[in-house]
Amino acid sequence: MAKKMKFFCLSLCIFVALSLLLLQMPAPCYAFEIEIDVSPNVLNIQSKSTIVTVHTDIAYSLVVGGSVFLNDVAIAWWKSDDRGNFVAKFDSDEIKTLDGLIIGDYNTLTLTGYTTDKEAFIGTQNIMVIDNVPAGRRD
């Protein structure tokens, strides 16, 4: 009987110790997904465009504008659209010079940021990247 009691007490102590350890570990942080629409959806490296715009389906009032990035490029400025959703603007030259862009193929652009409640969000879209001199342009 004493052996059973010792085993039970030891098992209980290990269980309590492991439970306390697990409760002290930080919970994994997951971003919630949002829908985005990147404009232009075909990015021409040779164009003289100055802005890449990302429309979202998250309310403008919920977003901390300065926390928003597109593939690690900091947001240039932001606004609300006519539906009250967040719209992000990025310097086109910074997007055109992203490491790893594959010319003539689809590339994934990922918008990340935080809400005013410190919740992370993420949205992705594939866009075509091309390298064509626009018709009628002479350098």
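In this predicted model, F86 is buried, with a relative accessible area of 0%. The residue is a good place to begin, as its ring has a partner. Y60 and F86 form a stacked aromatic pair, with 6.1 Å from centre to centre and 25 degrees between the planes. The pair counts as stacked because planes under 30 degrees apart fall into that class. Y60 lies in the loop between β4 and β5 (69-70), while F86 belongs to strand β8, so the pair ties together parts that are 26 residues apart in sequence. Unlike its buried partner, Y60 is partly exposed, with a relative accessible area of 32%.

The structure holds two aromatic pairs. The other joins F32 and F121, and this pair is tilted, with the ring centres 6.2 Å apart and an angle of 45 degrees between the planes. F32 sits in strand β1 (residues 32-33) and F121 in strand β10, so parts that are 89 residues apart in sequence are tied together by the pair. Here again, a partly exposed ring meets a buried one: F32 has a relative accessible area of 30%, whereas F121 counts as buried at 1% relative accessibility.

Strand β8, the home of F86, also takes part in a sheet. This is an open sheet of four strands in the order β2-β4-β8-β7, and the pairing is antiparallel. Its edge strands are β2 and β7 (77-80), each of which pairs on one side only. On average, neighbouring strands of the sheet are turned by 20 degrees against each other, with direction ignored. At the β7 end, β7 and β8 pair in the antiparallel sense over four bridges. K79 stands opposite V87 of β8.

Attention can now turn to the nonpolar interior. The largest nonpolar core has 22 residues, and those with the most contacts inside it are V54, V68, L70, A88, F90, I95 and L111. Two or more residues each come from β2 (36-39), β4 (51-59), β8 (85-91), β9 (105-114) and β10 (120-130). The strands β2, β4 and β8 thus appear both in the open sheet and among the contributors to this core.

A88 gives a closer view of the core. Leaving aside residues up to four places away in sequence, A88 touches V52, T53, V54, V68, I75, W77 and L111. Among these neighbours, V54, V68 and L111 are also listed, together with A88, as residues with the most contacts inside the core.

Terms used: Residues are numbered from 1 along each chain as its sequence is written. This is a predicted model: local features need pLDDT of at least 70, side-chain atom pairs count only at pLDDT 80 or more; totals for chains, interfaces and linings use all residues. Side-chain values use heavy atoms; hydrogens and water are left out. A nonpolar core is a set of buried Ala, Val, Leu, Ile, Met, Phe, Trp, Tyr and Cys residues joined through side-chain atoms within 4.5 Å. Buried means under 20% relative accessible area, exposed over 50%, partly exposed in between (1.4 Å probe, protein chains only). Contact means heavy atoms within 4.5 Å. Two strands pair if DSSP finds at least two bridges between them. Axes are lines fitted to C-alpha atoms, for helices over the stretch in contact, and angles run from 0 to 180 degrees between N-to-C directions. Rings of Phe, Tyr and Trp (its six-membered ring) pair if their centres lie within 6.5 Å; planes under 30 degrees apart count as stacked, over 60 as edge-to-face and the rest as tilted.
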